[in-house]
Amino acid sequence: MPPSISAFQAAYIGIEVLIALVSVPGNVLVIWAVKVNQALRDATFCFIVSLAVADVAVGALVIPLAILINIGPQTYFHTCLMVACPVLILTQSSILALLAIAVDRYLRVKIPLRYKMVVTPRRAAVAIAGCWILSFVVGLTPMFGWNNLSAVERAWAANSSVGEPVIKCEFEKVISMEYMVYFNFFVWVLPPLLLMVLIYLEVFYLIRKQLNKKVSASSGDPQKYYGKELKIAKSLALILFLFALSWLPLHILNCITLFCPSCHKPSILTYIAIFLTHGNSAMNPIVYAFRIQKFRVTFLKIWNDHFRCQPTPPIDEDLPEERPDD
């Protein structure tokens, strides 16, 4: 008999479905925009596509699996473990994509004359592939043994049961909090976030320094070149800020669970933290639309061409840049 769903669970499922309905189309639109606009084909936007792919997967895969876990079906231990791991993979992929974007923006302002020789399409593709491979390794680590199987097996044996344990599928029941805090958070989430903050601080320092000195750049117009870089850097730093704001609360709750097992965590705080993590996948397309003109123009063209059936002229790849202080 399938488990009954409470009114609270129904509300939770409704909010999760709403997030998915915003996240999936929004991030598909980001990928589509990069495909149709040649001006969005540099390394930064390739990394943004990688980030968008992860966000599409959050809406199409992770949220349905989260709803399944919330209902709490009875499953084998390793089946539940497989359901819990995708969110770990995709979170890590997002972090590494954000780090790659930060490094790319740093190189653009640090070595503008040699940037295109250093950051080639081939190297960008290798970096993206490397990020995804590393994400799978980090996210699937619980499948290789760092999980709660031993504790579950002891409880299973205490009930004189045999075979693989059958449990109510819940994230904390299968994923070790030691893994989540010591390995996932302290190694693969917090250090990259701190490194990205330092990188963006250096990027802003270099841009301001160049704008003040008016040193010539590859474009021949330093005010325009570094003004454009400042505008894009602000937008991408906002993406990083929203990611940290969305994910740190859940990791802080995990730390409380590990270091203070007797501390009471109101369930509403856990649900809010989960909504923030999933909702982050829907935020980025909105930021791109409001903050990056090339995306905004391309989104409008896709809308007019394919949904309003009112074809517009080809996109001008040399769009005038918005003021850096916008």
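This passage describes the overall build of the protein chain, the packing of two helices, a nonpolar surface patch and one buried residue.

The structure is a predicted model, in which local features need pLDDT of at least 70, side-chain atom pairs count only at pLDDT 80 or more, and totals for chains, interfaces and linings use all residues. Residues are numbered from 1 along each chain as its sequence is written, and side-chain values use heavy atoms, with hydrogens and water left out.

The protein chain contains 12 helices and 2 strands, where helices (H or I, at least four residues) and strands (E, at least two) are DSSP runs numbered from the N terminus. Along the sequence these elements follow the pattern α-α-β-α-α-α-α-β-α-α-α-α-α-α. A box of roughly 75 × 45 × 35 Å, taken along the principal axes, is filled by the C-alpha atoms. Of the 326 residues, 48% count as buried; buried means under 20% relative accessible area, exposed over 50%, and partly exposed in between, with a 1.4 Å probe and protein chains only. Among contacts (heavy atoms within 4.5 Å) with a separation of 6 or more, 80% are accounted for by residues 24 or more positions apart.

Helix α3 (residues 77-110) packs against helix α5 (residues 121-139) at an angle of about 140 degrees, and their axes lie 8 Å apart. Axes are lines fitted to C-alpha atoms, for helices over the stretch in contact, and angles run from 0 to 180 degrees between N-to-C directions. The residues of α3 that meet α5 include Cys85, Leu88 and Leu96; among their counterparts in α5 are Cys131, Trp132 and Phe136.

At the surface, Phe8, Ile268, Leu269, Ile272 and Leu276 make a nonpolar patch of about 420 Å². Accessible areas come from the Shrake-Rupley method with a 1.4 Å probe, and for residues only the protein chains shown count as cover. Patches are made of residues with over 30% relative accessible area and no salt bridge (a side-chain nitrogen of Lys or Arg within 4 Å of a carboxyl oxygen of Asp or Glu); like charges are joined within 9 Å and nonpolar side chains (Val, Leu, Ile, Met, Phe, Trp, Tyr) within 5 Å. Helix α11 (residues 267-291) gives the most to this patch, with 4 residues. Leu269, found in helix α11, counts as partly exposed because its relative accessibility is 42%.

Asn70, by contrast, is placed in helix α2 (residues 43-71) and counts as buried because its relative accessibility is 15%. Leaving aside residues up to four places away in sequence, Asn70 touches Gln9, Tyr12 and Tyr271.
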